[in-house]
Amino acid sequence: MRVILAEDSILLREGLVRLLAEEGHEVLAAVGDGEALVEAVAAT
């Protein structure tokens with residue numbers, strides 16, 4: 001599964017990225033706010 005993750009807490013965001021990657025998911029982007037999320041989704 002391909003995932004784009006948005007979370008404002010950097011520690012939680014990085015932890016989620018690692019957990020998802022360990023389970024075989026492809027993390028396309030991990031961003032800290034809604035505006036960056038919209039840009040990441042548009043780019044993919």
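Among the contacts in this predicted model that link residues at least 6 apart in sequence, 55% join residues at least 24 apart. The protein has 44 residues, and buried ones make up 16% of them. Its surface comes to about 3300 Å² of exposed area, with carbon and sulfur atoms supplying 55% of that. As for overall dimensions, the C-alpha trace spans about 25 × 20 × 10 Å along its principal axes.

The secondary structure is quick to list: 2 helices and 2 strands. Reading from the N terminus, they come in the order β-α-β-α. An unreviewed UniProt entry carries the annotation "domain: Response regulatory" for residues 2–44. Over that stretch, the chain is 53% helix and 26% strand. The C-alpha atoms at the two ends of the stretch sit 10 Å apart.

Now for the strands. S1 takes in residues 2–6 and S2 residues 26–31; the two run parallel and are joined by 5 bridges. To get from S1 to S2, the chain passes through helix H1, residues 10–22, and the resulting β-α-β crossover is right-handed. One pair to look for across the strands is valine 3, which stands opposite valine 27 in S2.

S1 also shows a neat back-and-forth, with side chains that alternate along the strand. Val3 and Leu5 point to one face and are buried. Arg2, Ile4 and Ala6 point to the other face, and these three are not buried.

That leaves helix H2, which covers residues 34–43. At its N-terminal end, aspartate 33 acts as a cap: one of its side-chain oxygens lies 3.3 Å from the backbone nitrogen of glutamate 35. How many of the 10 residues of H2 are buried? The number is 1, so the helix lies largely in the open.

Alanine 40 is a good residue to follow here, and its place is in helix H2. Is alanine 40 buried or exposed? Its relative accessible area is 13%, and buried means under 20%, so alanine 40 counts as buried. Setting aside neighbours within four places in sequence, alanine 40 is in contact with Ile4, Ala29 and Val31. Ile4 belongs to the face of S1 whose side chains are not buried. Leucine 28 is 12 residues away from alanine 40 in sequence, and the two C-alpha atoms are 8.3 Å apart in space.

Next along is valine 41, also placed in helix H2. Valine 41 has a relative accessible area of 46%, which makes it partly exposed. In sequence, valine 41 and valine 3 are 38 residues apart, yet from C-alpha to C-alpha they are 9.8 Å apart in space. Valine 3, for its part, is one of the buried residues of S1.

How values were computed: Residues are numbered from 1 along each chain as its sequence is written. This is a predicted model: local features need pLDDT of at least 70, side-chain atom pairs count only at pLDDT 80 or more; totals for chains, interfaces and linings use all residues. Side-chain values use heavy atoms; hydrogens and water are left out. UniProt positions are given in the numbering used here, feature names are shortened, and annotations may be inferred rather than shown by experiment. Helices (H or I, at least four residues) and strands (E, at least two) are DSSP runs, numbered from the N terminus. Buried means under 20% relative accessible area, exposed over 50%, partly exposed in between (1.4 Å probe, protein chains only). A polar contact is a pair of N or O atoms within 3.5 Å; within protein, one must be able to donate a hydrogen and the other to accept it, and residues adjacent in sequence count only if both atoms are side-chain atoms. Two strands pair if DSSP finds at least two bridges between them. A crossover is right-handed if, with the strands pointing away from the viewer, the path from the first strand over the helix to the second runs clockwise. Contact means heavy atoms within 4.5 Å. Accessible areas come from the Shrake-Rupley method with a 1.4 Å probe; for residues, only the protein chains shown count as cover.
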